[in-house]
Amino acid sequence: MNNNQSPTIIQATAIPIQPQAQVVNTRSQPPPKIQIAFGYSRSVRLFAFIEAFFLILYSFYQPYFIVQSLGPLCGYFGAKKFNKPLTYAYITYLILSLSAKVINLSFTFYNYDQYYIFLGILSIVIDIWILKITSSFLRSLNALTDDQRDNLRHMHLITTYHYW
């Protein structure tokens with residue numbers, strides 16, 4: 001710019017830009033088989049925790065129950081860590097417990113005590129129900145790959161409990 005030249009003035013006008021709301025989905029839903037495994041895991045953890053709690057309570061009365069509480073503890077930690085061997089150990093415990101209850105019920109039939117017969121049958125039905133849920137959990141675990149099980153250990157999904 002020389003002293004003889006005048007500066008050029010450029011005028012600009014602002015054009016308003018309409019904001020566009022964009023919804024970005026940062027969370028995607030995992031596949032259904034992962035959601036099912038997680039739901040069964042929560043159910044197995046609940047049932048195993050309840051059984052372990054009462055067995056540990058009973059162990060104050062009879063120390064034998066502290067050894068028996070290892071089965072439900074295996075089930076709880078197997079469901080929490082999605083660990084197959086611990087879940088197999090829990091299923092083995094459930095089968096042995098169910099067998100012992102059937103044998104105990106057969107001895108109760110000789111006494112004709114209807115109250116104990118009713119409680120024995122109710123206990124057997126509940127054990128069969130828990131065994132069914134645990135075996136469904138193990139089936140869903142077997143359907144997952146090792147990577148999916150590793151990912152499940154770190155996921156926090158909102159699911160429902162599976163009761164059947």
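The accessible surface of the protein comes to about 12200 Å² in this predicted model, and 63% of that area belongs to carbon and sulfur atoms. Of the 164 residues, 30% are buried. The fold contains six helices and zero strands, so that from the N terminus on the elements run α-α-α-α-α-α. Among contacts between residues at least 6 apart in sequence, 72% join residues at least 24 apart.

**The nonpolar core**

The largest nonpolar core has 26 residues. Those that touch the most other members are Val44, Phe82, Tyr90, Leu94, Phe137 and Leu152. Three elements give two or more residues to this core, namely α1 (32-58), α4 (84-108) and α5 (114-142).

Valine 44 is one of these core residues. Apart from neighbours within four places in sequence, valine 44 is in contact with Gly75, Ala79, Tyr90, Ile133, Thr134 and Phe137. Serine 41 is placed in helix α1. With a relative accessible area of 0%, serine 41 is buried, and its contacts beyond four places in sequence are Ala79, Lys80, Phe82 and Phe137. Ala79 and Phe137 thus appear in the contacts of valine 44 and again in those of serine 41.

**Helices α3 and α4**

The two helices are set out below.

| Helix | Number of residues | Span, first to last C-alpha | Expected span at 1.5 Å a residue |
|---|---|---|---|
| α3 | 12 residues | 16 Å | 16 Å |
| α4 | 25 residues | 36 Å | 36 Å |

In each case the span is close to the expected value, as the entries for α3 and for α4 indicate.

Within α3 (residues 70-81), the buried residues are Gly71, Pro72, Gly75, Gly78 and Ala79. These residues lie on the same side of α3, because they cover an arc of only 125° around the axis. An α-helix has 3.6 residues a turn, so residues three or four places apart point the same way. The buried residues of α3 pack against α1, α2 (64-68), α4 and α5.

The buried residues of α4 are Thr87, Tyr90, Ile91, Tyr93, Leu94, Ser97, Leu98, Leu105 and Thr108. Their packing partners are α1, α2, α3 and α5. At the N-terminal end of α4, asparagine 83 acts as a cap. A side-chain oxygen of asparagine 83 lies 3.5 Å from the backbone nitrogen of leucine 86.

**Glycine 75 and tyrosine 90**

Glycine 75 lies in helix α3. Its relative accessible area is 2%, and glycine 75 therefore counts as buried under the 20% limit. Not counting residues up to four places away in sequence, glycine 75 touches Val44, Ala48, Leu86 and Tyr90. The C-alpha atoms of glycine 75 and isoleucine 91 are separated by 7.8 Å, with these positions 16 residues apart along the chain as the sequence separation.

Tyrosine 90 is located in helix α4. At 0% relative accessibility, tyrosine 90 is likewise buried. Beyond its neighbours within four places in sequence, tyrosine 90 is in contact with Val44, Phe47, Ala48, Glu51, Gly71, Pro72, Cys74, Gly75, Ile130 and Thr134. Among these partners, Gly71, Pro72 and Gly75 are buried residues of α3. Tyrosine 90 and cysteine 74 are 16 residues apart in sequence, and their C-alpha atoms are 5.7 Å apart in space.

**Phenylalanine 82 in the loop between α3 and α4**

Phenylalanine 82 is found in the loop between α3 and α4, just after α3. Although phenylalanine 82 is not a glycine, this residue has a positive phi of about 55°. Its relative accessible area is 2%, so phenylalanine 82 is buried. Phenylalanine 82 is also among the residues that touch the most other members of the largest nonpolar core, and serine 41 of α1 is in contact with phenylalanine 82.

Key:
Residues are numbered from 1 along each chain as its sequence is written. This is a predicted model: local features need pLDDT of at least 70, side-chain atom pairs count only at pLDDT 80 or more; totals for chains, interfaces and linings use all residues. Side-chain values use heavy atoms; hydrogens and water are left out. A nonpolar core is a set of buried Ala, Val, Leu, Ile, Met, Phe, Trp, Tyr and Cys residues joined through side-chain atoms within 4.5 Å. Buried means under 20% relative accessible area, exposed over 50%, partly exposed in between (1.4 Å probe, protein chains only). Helices (H or I, at least four residues) and strands (E, at least two) are DSSP runs, numbered from the N terminus. Contact means heavy atoms within 4.5 Å. The expected span of a helix is 1.5 Å times one less than its number of residues. The arc is that of the directions from the helix axis to the C-beta atoms. Accessible areas come from the Shrake-Rupley method with a 1.4 Å probe; for residues, only the protein chains shown count as cover. A polar contact is a pair of N or O atoms within 3.5 Å; within protein, one must be able to donate a hydrogen and the other to accept it, and residues adjacent in sequence count only if both atoms are side-chain atoms.
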